[in-house]
Amino acid sequence: MRNVMVNRASVITGWGAGLQHLPPSADAEAAGRRVLPIPTPVIDDDRLRRATRECLLAIDCVKQLLCQHGLDRADLSGPRTAMVYASASAYAAANWAFLHADASVATYFPYTAPSIVPGEVTIAFNITGPYVSFLSGANAGLEALWHAVTLLTQDQCDRALILGIETFAECEALFTSGRWLLSSPLVETALCWLLEPHPALATFGYAAGRGEDVLSMIDMALDGHATTGIVLCMPTLHAGHHTRARIRERWPTIPVSLVTERTGTCLASTPLIGLLLSLAETHHDHLLCISRWDDAWSMVRWPRLLDPKSRASDPG
Amino acid sequence: MMFGVPRPHKSDRIAITGMGVVSPVGHGVTAFWSGLIGGVSGISAIERFDTSDMRVGRGGEIKCLAGLSPQMPPLPTCRASQFLIHAAVEAMQQAGLISSTSTGLGLGVVIGSALGGIGEAERFRAEPRDLHALAGAAYDGPPRGLARWLGATGPVLSLSTACASGATSLGIGADLLHTGAATSVIAGGVDILCRFVMHGFNRLRSLTRDEVRPFDRRRSGLLLGEGAGIVVLERESVARQRGVEPIGFLRGHASCADGSHITAPDDEGSGLEHTVRLAMRNAGVEPEQIDFISAHGTATPANDRVETRVFKRVLGPLAYAIPVNSIKAHMGHTMGAAAILETIMCLLAWRHGQVPPTLNYGEPDPDCDLDYVPAMARAHRPRISLKTAVGFAGCNACLVLEGA
């Protein structure tokens, strides 16, 4: 049986590079700023002259991953590396720009396709393995994690690169129009997480559904499984506080972290950041990570290895 | 909600128990099949929006949608959601799920699309105060609309591998079933014609002013179309327990990256080749078992040449004896819906013992030297079919299908 380990990750957010820059309270730290952008990286490559900012952020993030963990391009290239992408927002700027451009040449049409962001990464690093983009709003991050683990478990690849990109700066008005869906601040994110198989890890679980009460879903997830921490990711803080209170009331001994409080709104990247934070900062053995989008929940059971070799390396 | 655990071995076959179609050549599976076999062209002048500033104003536009039963809930405004709901209702009726009291329990929804809710984005642009249009403009707007309308309680996944999305959605749906995260899955693809996409392809000069001529020496590009295709996926044991006879099986699938160019296929087709080989390996199928190939066949010079090369490399001399078709001349390239409509065509070919022709094929190209089923439908009952699909950003997908 091939099981999976958390191996290496690189996280850049509007707060800075690495998890150590995340504030205790995103809302307070933002001090009224509605969007925290990531500066556009400069990549000296003529091939990318028409590329959107999202593509440059993605390529730069993978470069950082390689640099931080002493890897090179050859470690990712080829058909045994999978690319699994998750985003809820990174296509919006290009689509909106093209929609308004009409006869002008503002955006090169192929860059309106969401898959162009992971596509540019596959080209830059010659990744030719399994490949899919999940775009199910804020739940896409956990879907990507489920799919990456499935690919590894079924021997479709030797390593899976999960890429999460969220951008807001170019179409801030669009996102703030939907303010009933999202809390401020909107925090741009570029995240990549390299998963590799490891025989020591126990079962990984995934569940998702619409319309059910979160407590009954957690009940089912906890059934017969030790859970020492719950990572909660909600698109609005108001809903997050309410849900956290209900969970605490029902399971007072299980710590619940509302990641959105620290990150701000990072949409599909929030649960991935939340898991990385918990793995890096706490000693929880088994995590339950929960995200919500519209009326749909997504949930991952991530049993953590205690073997030091399999611990998450510092994603900063 | 069910907790799914990825497993190394697939214990049960994935059965297809229902199919639904909204297409430019016919609304519903029966009309779709008649149109394909009869060589009907769904290409016409586009009427829903202005194309006067574009080089090409034709495409596979759906002129009207038949109504649903008055007992059913009203349809949402979003055109893509409407297409999905029509196709899903047909597929679920065939699968015996629509009237079941347990319709929504554990029912997952996996929808692929190249454009998502872009039609709603166009509506929001015209009516900036319509926040419903804004909410529906996200890529996951149409799948959420479908799931809500159906009352599905399982996972709702929206994905994109550009124009290969319809094929990838079936693969992801099968994985949900294999890992136990859903009991049944509505999987498929959708895209609509709108100014956004017509303008985009117009600017790329990919649209032909001629007929769409897949694999023909004179081929000069594609025309766009719109539609939706849905299949119901279940584990075979679950379907048989319900007393439902499978239509066919998804034996294997793969979706892989080219890693070479954002729009053009890798000239050697190595990404597509790897995808086809991986799908066949996953299916446990050898080249001599392949009876039919439903090609992506866009009628662009590069795509058809590369696909032909890949089929010959993977299947060797056997490739010359296997019928290959493309139905994009019938209805244009329906983008996210294309691969799922073509999947349904493969299963119908098995059921009816006929393979639809590649329309407008007349002059052989030395680079495309396989049997493309020219002119008219052919009597042939393909038990095992290969379905290939390709999209922007180096997306490749392949399905291995088996008739039941």
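Two strands pair if DSSP finds at least two bridges between them. That cut-off matters where chain A meets chain B in this predicted model. Here 2 bridges join β5(A), residues 131-134, to β6(B), residues 156-160, and the two strands run antiparallel. One residue pair can be named: A:S133 has B:S160 as its bridge partner in β6(B).

**The A–B contact**

The contact involves 56 residues of chain A and 60 residues of chain B. Several elements of chain A give two or more residues each to the side that touches chain B. Among them are the helices α3 (92-101), α4 (116-125), α5 (140-153) and α7 (214-222). The strands β5 (131-134), β9 (205-210) and β13 (296-303) are also included. The largest share comes from β9(A), with 6 residues. By class, this side of chain A has 27 nonpolar, 20 polar and 9 charged residues.

**Strand β13(A) and its partners**

Two of the contributing strands, β9(A) and β13(A), also pair with each other. What else does β13(A) pair with? Strand β12(A), residues 286-293, pairs with β13(A) in the antiparallel sense. The strand pairings compare as follows.

| Strands | Sense | Bridges |
|---|---|---|
| β5(A) and β6(B) | antiparallel | 2 bridges |
| β9(A) and β13(A) | antiparallel | 6 bridges |
| β12(A) and β13(A) | antiparallel | 8 bridges |

In the pairing with β9(A), the bridge partner of A:Y206 is A:V300 of β13(A). On the β12(A) side, A:W293 stands opposite A:A296. β12(A) and β13(A) form a hairpin, with 2 residues between them. One turn residue, A:D294, has a positive phi of about 55 degrees.

Why is β13(A) described as largely enclosed by the rest of the structure? The reason is burial: 7 of its 8 residues are buried.

**Chain A overall**

Chain A has 10 helices and 13 strands. Of its 316 residues, 58% are buried. Among chain A contacts between residues at least 6 apart in sequence, 78% join residues at least 24 apart.

**The two domains of chain B**

Chain B divides into domain 1 (14-248) and domain 2 (252-403). Their centres, taken over C-alpha atoms, are 20 Å apart. Each domain gives 59 residues to the contact. On the domain 1 side, the elements that give two or more residues include β1 (14-23), α1 (29-37) and β7 (184-191) of chain B. Helix α6(B), residues 165-178, is also one of them. The largest share, 7 residues, comes from α6(B). By class, this side of domain 1 has 29 nonpolar, 22 polar and 8 charged residues.

Definitions and conventions:
Residues numbered from 1 in each chain as written. Chains lettered and ligands numbered in written order. Predicted model: local features only at pLDDT ≥ 70, side-chain atom pairs only at ≥ 80, totals over all residues. Contact = placed C-beta atoms within 7 Å. Helix = DSSP H or I, 4+ residues; strand = E, 2+ residues; numbered from the N terminus. Nonpolar A, V, L, I, M, F, W, Y, C, P; charged D, E, K, R; others polar. Buried ≥ 20, exposed ≤ 12 C-beta atoms within 10 Å, placed from the backbone. Domains from an automatic or database assignment.
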